[in-house]
Structure formats: structure tokens, C-alpha cells
Amino acid sequence: MTTGTTTAQGNRWLILAVVAGCFLPVAADATILNVAVPSLTETLGASARDVLWIADIYPLMMVGLVLATGPLGDRVGHKRLLLTGLVVFGAASAACALALSPIALIGARAALAVGASMIIPATLAIIRQVFDVARERAIAIGVWSAVAAGGAAIGPVAGGLILEHFWWGAVFLINLPLAAAAIILVSVLLTNQPAQHKEPWEPLSPLLGITGIIGVVYAVKSLAHRGAPWWEAWLPGMAGLAALIWFTRRQLASAHPMLDLSLFRARSFRVGTVAATVPVLVLVGFELQLAQDLQFVHGMSPKEAGLFLLPMPLATFAAGPLAGLLATRHGLRVVIPVGLTAAAIGYAGIATSAERPASLLLTTSLILIGAGHGAVQTVASDVIMTGAPPQQAGAAASIESVSYEVGAGLGIALLGSLMASLYTSNFTPPAAVAAQLPPTASDSIGEALTATQGLSGPTAQAVTSAARDAFTAGYRITAIVAAAVVTAIAVGTAVAMHRGRPRPPEPASEQPDQQPAVDVPRA
């Protein structure tokens, strides 16, 4: 073992703390704007579709970008990739904070995704390479996964606390000192050592991935938008599907694919990928609706809504490392179904308590959702990362990242569009009042409440009641759908793992795996 690698083992827990700190704001930024939706709607004049794109462009851009940045980290070194990502992430955060229109904010969020797409695979690859003892690696990946799920859960909490004292753009400015501190620590702790064997790198596949996912998501959102012409959904949708098919064919035919689809031949790898994608889809998509329910319907301030959601990220952070330990003893067949079942019960509990926000049932439901998702994300990440050889750590990190971002992007699109459609169907203000409202009032509760500002007291109250009733009805159905989807995945993964009986992760060994040249601390 080289001196550099020996030093890496001695500082591995410090490295874990640093890379987790680099990843936390990236994960939190997927949801940190959730509690800022009322402020965005009023300050920027954002429509319902604007809000969905502001939230969704961030994970959707990363779906294709991480396909390139994961293997790129193997070529140029993960330290260099991480530092570049931190610089871009910090600059884009400042651009987000200063955006003056929905379009400007969408563009800045896309730039934010560029930086984030470098940080995500770099941090995970460094962990995979530095921790070469199986038991310690499971714990380390568990921490990373807890940050992934917990960051998404803690985003609204942090956003609520910031918005209590500052304007909505301040939720991005907090990234600047964090990025600066991370740049200093990464520069001091790590040296850059690219892999000796470098795979070919090309830009077309990421471009196809981004085009395909955004095209499909655009079609979904257009279908949910009342009055949109048929071609606005079908043309982007067909173009997106064609791009995804082309992308898949390129990966299958390539000798050096950016997304190694051959890994999906293993049953446990397929189960891990599904477990990393679908629960995130439900969590991120539903959390956006949950934050709006607490503020628009129940009148909480951003700070109150954020603090009310606090049990969820706390449970997520606690469950992640614990699940990593349990997986080494009991394997996937126990942890994944149990975690998904707990989350499904939590969504069902929210559906039954939709009209009573301040209740023990809702708090318990948030804890179950956070713990369930945190446990599942941990085990799924471990399966994906240990299913590839160490020299392909960057490529494996790409698959993990793609799974997470596909889930987040589709979750916002699908559940957000479902909620928008249900709201529109249930919004029925009195006929006399409806004549005074703009057509956009039926698109979202935020636009309806904005429209009440120029109305008289009784008329405004009638519109507010109709909007809240419509949102609550749609919100309850969305929670039921979330519970049903997570339950189906729990049953499906349990059956799949029972048939295949995948072997649990390798037992802890005092002998480290053989590792290639990796990013290690300076001697």
C-alpha cells in the first residue's frame, strides 16, 4: 500500500465529513425553494407552470450531466472535478439569488445543476475509493445516502428559517460561505490523481439524456395544463422518447458506455436502482405539495412550516447510518421492504390528517416517511456502488446520481402535475365571484390567492375558501397515490429479492480491497 493511500485511511473519517459537507447544500437545493413558493408567486409573478419548472430544471439537468461528469472525474481526478463543481455551484447560487424574473431564475437554476452534477459523483466516488473495508464503506455510504435523503428533507426547514428574516433569494446566498469553506478544505485534504486507465469521453450521450428527460417531462406538464394545444404535449413528448431510445441504443452498442446498462443484468442491482429512484420520486414530488399545504391552506409562516417539517429530516439522518449497519447483517431483503412500508404508512397517515396539520398523527407520519426513505436510500446506494469495480467508481456514481435525479425530476413533474389537475377540477368558486377572477386562478392555489388582493372582503374570503378546499381535496388524493406507489414498490422489491435471494453485502474484512490510484490526502 502506498504512503498516500495509507494517509487516506488515517484521515478517511475527516474526508467523509468534508465530502458530506460538500454534498449537503446540493441535496438541500432540490427542495429548499418549496417553502418559498408563496414569495416567488407574489414577487416574481410566477405562474403554476413557472413554479414547477423552477423546482424541476435543477434535477432534470443533472440527469444528463452526471452521465458525463462521473466518468470525467475518473479521467481528470475527482478532487479537480469537485473543486470545479464547487466554484460553479457558488457562482450559480449568487445568480439565483439575484434573479428578477421566473425565466432568469430557471436559467440560474440550470447553471446551479451544472455545478451540482460535478459535486455529486465526485463525492460518492471519493468515498467509494477511500473506504476499502466493507463494513466501514457501508457506514460511509450510509452517511452519504443520509445526506442525500436528509438534504432533500431539510431543504424546506432551512428555507423556512432563512425566509423568516430575509427575502426568498437569501436561500441561495447561504451556499456561498459553504462553498468557500469546502474549497479550502478539499484543497488542503486531497491531492488529484486521475485514474491510470481512462475511458473515452463524449458529449452526445449526456445531451441525448437531457433532451429526452426534459422532453418527456414537458409533455407531462403540458397534458396537466388545461387549455394547452395537443401539439404542445405530443411533439416534445415524442422527441423526448426518441432521444431516450437513441441514448439507450448508444449505451448498449458502445464499448465504453457512459451508463453501463450491463450492470442491470444483476437482480440485486436492478432492485437497488428501483429503490433509489421511485421513493425519491414520491418524496421530492410530495414534499413540494406538503410545504404549500402548510402555508397556503393552514396559514403557517415559512419558519413555522420549516420547523413543523423538522422531524422528517432528523429521522432521515438517523436512519441512514443505522440502515447501513443493518444491511451488513440482514441484507436487502429486510431493510428495503421494511423502509418502504414505513414510508407508505406515513403517506397514508398524512392523507387521513390533511385537515389537521398540528396533530400527533401527522408528526408521526413525517417521522415514518423520513426514516423509511433514509433507510432505503442508504441500502440502495450501497448496492449500486459496490456492484461496480473500484476503477469504475465514477461510472457507478453516475448511475446512483442518475437514479436520484430522475426520481426527483419526475416526482416534481408527475405529482406536481397531478396536484395541479386535481386542484383545477375541484376549484369551484361561486358563479358571481368566478366572473371577477382571472383564468389563472384555477391553475394553482397561489395564483388564486394572489387574485384576491384586488377583491372586497367577502368576495376574497369566498375565493380563498374555494381555493383551500380544492387544494385540500387534491392534496389528500396525492397523498393516497404516494402511499399506493410506495406500497407497490415495497411488495415488488420483496418479491423480486425473495425469488432471486441476492446475497447480502460482503462481511467486514480486515483486508482492504485492491484499489486503483485515487484522490488521497496529502502526506
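# Asking how the labels are earned

Modeller: This is a predicted model, and of the 523 residues in its chain, 58% count as buried. The chain holds 20 helices and zero strands, and it exposes about 19700 Å², of which carbon and sulfur atoms supply 66%.

Biologist: Why is Arg 12 called buried or exposed, whichever label applies?

Modeller: The relative accessible area of Arg 12 is 17%, and a residue is called buried when that value is under 20%, so Arg 12 counts as buried.

Biologist: What makes the pairing of Arg 12 with Glu 136 a salt bridge?

Modeller: The closest N and O atoms of Arg 12 and Glu 136 are 2.8 Å apart, and the cut-off for a side-chain nitrogen of Arg and a carboxyl oxygen of Glu is within 4 Å, so the pair qualifies as a salt bridge. Side chains of opposite charge can pair when their charged atoms come close. A search of the whole structure finds one salt bridge. The pair links distant parts of the chain, with Arg 12 in helix H2 and Glu 136 in helix H7 (residues 134–163), 124 residues apart.

Biologist: And which label does Glu 136 receive, and why?

Modeller: Glu 136 has a relative accessible area of 22%, and because the class between 20% and 50% is called partly exposed, that is the label for Glu 136.

Biologist: How do you know that the length of helix H2 agrees with what should be expected of its 17 residues?

Modeller: At 1.5 Å a residue, the 17 residues of H2 should span 24 Å, and the end C-alpha atoms of H2 are 24 Å apart, so the two values agree. H2 is also mostly covered, since twelve of its 17 residues are buried, among them Arg 12, Ile 15, Leu 16 and Phe 23.

Biologist: What makes you say that the buried residues of helix H9 line one face?

Modeller: The buried residues of H9 are Asn 175, Ala 179, Ala 182, Val 186 and Leu 189. Seen down the axis of H9, these buried residues fall within an arc of 105°, so they line one face of the helix. They pack against helix H2 (12–28), helix H5 (78–97) and helix H8 (170–173), while the face turned away from the buried side carries the exposed residues Ile 184 and Val 188. The length of H9 (residues 175–189) can be checked as well: its 15 residues should span 21 Å at 1.5 Å a residue, and its end C-alpha atoms are 21 Å apart, which agrees.

Biologist: Why is Leu 241 able to belong to a nonpolar surface patch?

Modeller: Leu 241, which lies in helix H11, has 43% relative accessibility and counts as partly exposed. A patch residue needs over 30% relative accessible area, so Leu 241 passes that cut-off. The patch covers about 880 Å² and is made by Leu 223, Trp 230, Trp 231, Trp 234, Leu 235, Met 238 and Leu 241, with the largest share, six residues, coming from helix H11 (residues 230–253).

Biologist: How do you know whether Thr 464 is buried or exposed?

Modeller: Thr 464 lies in helix H20 (residues 457–500), and its relative accessibility is 12%, which is to be set against the cut-off of under 20% for a buried residue, so Thr 464 counts as buried. Leaving aside its neighbours within four places in sequence, Thr 464 is in contact with Leu 449 and Thr 452.

Methods
Residues are numbered from 1 along each chain as its sequence is written. This is a predicted model: local features need pLDDT of at least 70, side-chain atom pairs count only at pLDDT 80 or more; totals for chains, interfaces and linings use all residues. Side-chain values use heavy atoms; hydrogens and water are left out. Helices (H or I, at least four residues) and strands (E, at least two) are DSSP runs, numbered from the N terminus. Buried means under 20% relative accessible area, exposed over 50%, partly exposed in between (1.4 Å probe, protein chains only). Accessible areas come from the Shrake-Rupley method with a 1.4 Å probe; for residues, only the protein chains shown count as cover. Patches are made of residues with over 30% relative accessible area and no salt bridge: like charges are joined within 9 Å, nonpolar side chains (Val, Leu, Ile, Met, Phe, Trp, Tyr) within 5 Å. The expected span of a helix is 1.5 Å times one less than its number of residues. The arc is that of the directions from the helix axis to the C-beta atoms. Contact means heavy atoms within 4.5 Å.
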